[in-house]
Amino acid sequence: MPQYRSMFLSLVALLASPTTSIGPPTSQVLKTDVAIIGGGAGGGSCSVASQRYGPEHCADRAGRHPRWQCGQLHAPGSDKSMDFGVFSFIDYAGASALFKRLNVSTAPPARVRAPTKYVDFTTGKPVPGYVSPPSAAAKAAMEKYAALCEKYEDMIVPGYWHFPAGDAIPADLLLRFGDFVTRHGIEDAVPQIYAATGFGIGRQADELTLTVMQGFGAQMARSMLGRQGGFIAASHRNQDVYDAMAREIGDESILYGTRAVRSVRTPANGVILTAKNQKTGKETIIHAGKLLMAIRPVGEEVMRPFDLDPRERSIFSKFEYVHEWATLVRHPSLVAGNTSVDNFPGAVAPSNYLETPRVPFLDKFELQDNTAGGLESRVFRSLVIGTKDFDYADAKGLLQTSLDRLIVNDILPSTTSEKQPLEVVALSDHGPMHLRVSAQEHRDGFMQKLYALQGHRSTWWTGAAFSSHFQTIIWEFNEVLLPEMLKGN
Ligand SMILES: Cc1cc2nc3c(=O)[nH]c(=O)nc-3n(C[C@H](O)[C@H](O)[C@H](O)COP(=O)(O)OP(=O)(O)OC[C@H]3O[C@@H](n4cnc5c(N)ncnc54)[C@H](O)[C@@H]3O)c2cc1C
């Protein structure tokens, strides 16, 4: 079996141990078969998988502390951790085998939900009379939804190699999700879909059914029905799996806290990357046979070092997306209220389940078990769903104004005479999420154009933009991609 070299910068990793020659004191030159940009679900697992024929972890592209993709809080002086980003792993394809191989023990996922109040965060008023679907009706609707997803499963996971174009695309997939739900009479499944992942795409009723299924497809539906397993790290620290990947890849193949600043990507002669450590300023020049991009290919600033050509630019510019943050917050009024508060528009009552908040919004203030994170006081989890250009200040502002409304309207007790700012205890910036394009773009062959970029300018692509929004499905996508990418090495 051939040996491959790869390199990650926190950005990039090397498939196999790099050849290093030291240049000027402030720079080094590395040679590798494959350089990988991005050390999340796509980049990390790909590097580990490639060791079989050849990382993850990635450091913060902004060069601060490593930003763990799983979103996790560890209180100082405590041996406990609290996951507030990625919650669990669906047991898909080789996922449990990979955990075993990496020696990371697993446990069943168990999320205990505290009692909640339903409130419209845009007004701060309660939503009286909201009725959840009876559990038998919810289950029956989920069965129906699962069967519909299964019809299209092979087109969607682990990648879109079999996704059709033009009139061959099943009509269901390009329906507005609200219309799809009504057409199939599956309204009672909607609250579960929304609560699990649907909120993350924005206003799910207005998005394409395909977009909803990309976030909550057959695997999730089966998992809700107890027909497909899932797990968490037994340590309750999901980051463990990525730390184990990093150990397996080896520090010499990972450039933490480094960012590509320039690149030359050639049609057939590989890639030259210049990467800069964000802390030390040290530059590394990497000569790679191939480049594997494991970041989402959107954002002018993010993509600038990769010098997209008109074809790439035109395809990626079609993507619409939201910007998502997972946060843990604290405030005396939340602590005194001692309850979760879910955000729903007034129109959802009594059972208009397709009514959900409009972007930008936060899903809820969800009471957490503080003992899990070794914390002394209660914290609350909120996921903020913003527009493309929504920044951290916007996200924090939305959290604060939502909280203020809940206090002014007596949903939460007022505990101080002065307005006390909300404390953001932890934050995980998930960046652009749920990339999607319009129905017309799909009819015009978007998936085929996207996938035709594989190999173009010695560059290959993985991650959520090319696969799904589930870690273990992306891992499996890599299993298909890798042999293709490594052909000819
Ligand atoms: C709140 C939340 C909860 C989730 N829960 C689950 C869950 O329970 N189970 C599940 O399976 N999935 C979950 N997901 C989805 C899952 O996390 C994503 O689908 C998956 O991480 C996408 O993988 P990726 O490789 O495309 O991107 P990422 O995993 O985000 O990895 C990209 C990496 O590249 C880095 N990066 C970005 N730009 C650059 C750059 N220019 N240079 C260098 N590095 C860069 C980023 O910092 C990041 O580490 C959740 C997502 C969110 C937002």
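## Burial and helix α8

A residue is called buried when its relative accessible area is under 20%, exposed when that area is over 50%, and partly exposed in between (1.4 Å probe, protein chains only). Helices (H or I, at least four residues) and strands (E, at least two) are DSSP runs, numbered from the N terminus. The model is predicted: local features need pLDDT of at least 70, side-chain atom pairs count only at pLDDT 80 or more, and totals for chains, interfaces and linings use all residues. Residues are numbered from 1 along each chain as its sequence is written, and side-chain values use heavy atoms, with hydrogens and water left out.

Helix α8 covers residues 239–249, and 8 of its 11 residues are buried, so the helix is largely enclosed by the rest of the structure. The buried residues are Q239, V241, Y242, D243, A244, M245, A246 and I249. After α8 comes G250, which has a positive phi, near 95°.

## Surroundings of D342

Strand β17 (residues 340–343) contains D342. D342 is buried, at a relative accessible area of 6%.

The side chains of D342 and T116 make a polar contact at 2.8 Å. Such a contact is a pair of N or O atoms within 3.5 Å; within protein, one must be able to donate a hydrogen and the other to accept it, and residues adjacent in sequence count only if both atoms are side-chain atoms. If neighbours within four places in sequence are set aside, D342 is in contact (heavy atoms within 4.5 Å) with R113, T116, K117, Y118, V119, F121, D363 and K364.

## Aromatic pairs

Rings of Phe, Tyr and Trp (its six-membered ring) pair if their centres lie within 6.5 Å; planes under 30 degrees apart count as stacked, over 60 as edge-to-face and the rest as tilted. The structure holds 26 aromatic pairs. In one pair, F121 and F365, the ring centres are 5.8 Å apart and the planes stand at 25°, so the pair is stacked. F121 lies in the loop between β9 (116–120) and β10 (125–126), while F365 belongs to strand β19 (residues 364–367), so this pair ties together parts 244 residues apart in sequence. Both partners are buried: F121 has 3% relative accessibility, and F365 has 0%.

Y160 and F163 form an edge-to-face pair, with 6.3 Å from centre to centre and 90° between the planes. Y160 is buried, with a relative accessible area of 3%, and F163 is buried at 4%. Y160 and F163 belong to one aromatic cluster together with W161, F316, Y451, W461, F466 and F477.
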